[in-house]
Amino acid sequence: NKYTVSEIKLAGEMLLPEDELRKFIKLAPGSVFAREKLTESVKLITDRLGDDGYAFANVNASPQLDQEKHEVAFTFFIDPGRRVYVRRINITGNNRTRDEVIRREMRQFEGGWYSTSKINQSKLRVDRLNYFNAVNIETPAVPNATDQIDVNVEVKEKATGAVMFGAGYSNMEGLILSGSVAQDNIFGTGKFVNLMVNTGSVNKTYSLSYTDPYFTRHGITGGFDIYKRVLN
């Protein structure tokens, strides 16, 4: 039988205003019960508490059934636990890429309060570098400490270079040869270099491109393009 939500209550240690917490609850009185919305509500409240440093918050939704009316009421019990901060950020698996290339993408900082959204944003930024096949982040508790965690970032590197060769023929230029070498993460520095050569009897082109995505420590990109063209 379908059940209708009759009431939503909040209980426990509510560190945030009740009105703010209710915004994260996707079930509403009078609506048909949906387990997906219940699970999403619990996750949203847990993540919101995690943004304030409560990495081990526990949120449980306790149902009270009325089988005659086919109604269900829920009480969300909130236990934020202890507020914790990050002791260290440990990076592993980067055999070629330098630590600083990954660390500068982190939005969670050592010594700061734990934040669920900053952890997720950090993972997304590291993944968007496109230097790794996989990026995994774990947040284990520090042994013998109740208010500290570590952030362990594990990456799996992939090839970031490309070499291309081409050949063609035209009545005007005869045999045309071209080639390029590109490296998105040269020497593990996160910098981009591309060298291209295109040769024919009439037209010859040589170009070199260089880009540093962190030309300044604030993330301003800098680079240059050098090229030479010879027409016979």
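Here, a residue is called buried when its relative accessible area is under 20%, exposed when that area is over 50%, and partly exposed in between, using a 1.4 Å probe and protein chains only. This is a predicted model, in which local features need pLDDT of at least 70 and side-chain atom pairs count only at pLDDT 80 or more, while totals for chains, interfaces and linings use all residues. Residues are numbered from 1 along each chain as its sequence is written, and side-chain values use heavy atoms, with hydrogens and water left out.

**Helix 2**

Let's start with helix 2, where the buried residues are Leu38, Ser41, Val42, Ile45, Arg48, Leu49 and Gly50. Helices (H or I, at least four residues) and strands (E, at least two) are DSSP runs numbered from the N terminus. An α-helix has 3.6 residues a turn, so residues three or four places apart point the same way. Helix 2 spans residues 35–50, 16 residues in total, and reaches 23 Å from first to last C-alpha. That is close to the 22 Å expected at 1.5 Å a residue, where the expected span is 1.5 Å times one less than the number of residues. What do the buried residues of helix 2 pack against? Their partners are helix 1 (18–22), strand 2 (58–66), strand 3 (71–79) and helix 4 (116–128), with contact meaning heavy atoms within 4.5 Å.

**Asp150**

Next, have a look at strand 6 (residues 148–157), which holds Asp150. Asp150 counts as buried because its relative accessibility is 9%. Its side chain makes a polar contact of 2.7 Å with the side chain of Arg87, and also reaches the backbone nitrogen of Arg88 at 3.2 Å. A polar contact is a pair of N or O atoms within 3.5 Å; within protein, one must be able to donate a hydrogen and the other to accept it, and residues adjacent in sequence count only if both atoms are side-chain atoms. Leaving out residues up to four places away in sequence, Asp150 touches Arg87, Arg88, Asn90, Glu138, Thr139, Pro140 and Val142.

**Two loop residues with positive phi**

Finally, two residues that are not glycine deserve a glance for their backbone: His70 has a positive phi, and so does Phe187.

| Residue | Phi | Loop | Relative accessibility |
|---|---|---|---|
| His70 | about 55° | between strand 2 and strand 3 | 28%, partly exposed |
| Phe187 | near 55° | between strand 8 (174–183) and strand 9 (192–199) | 66%, exposed |
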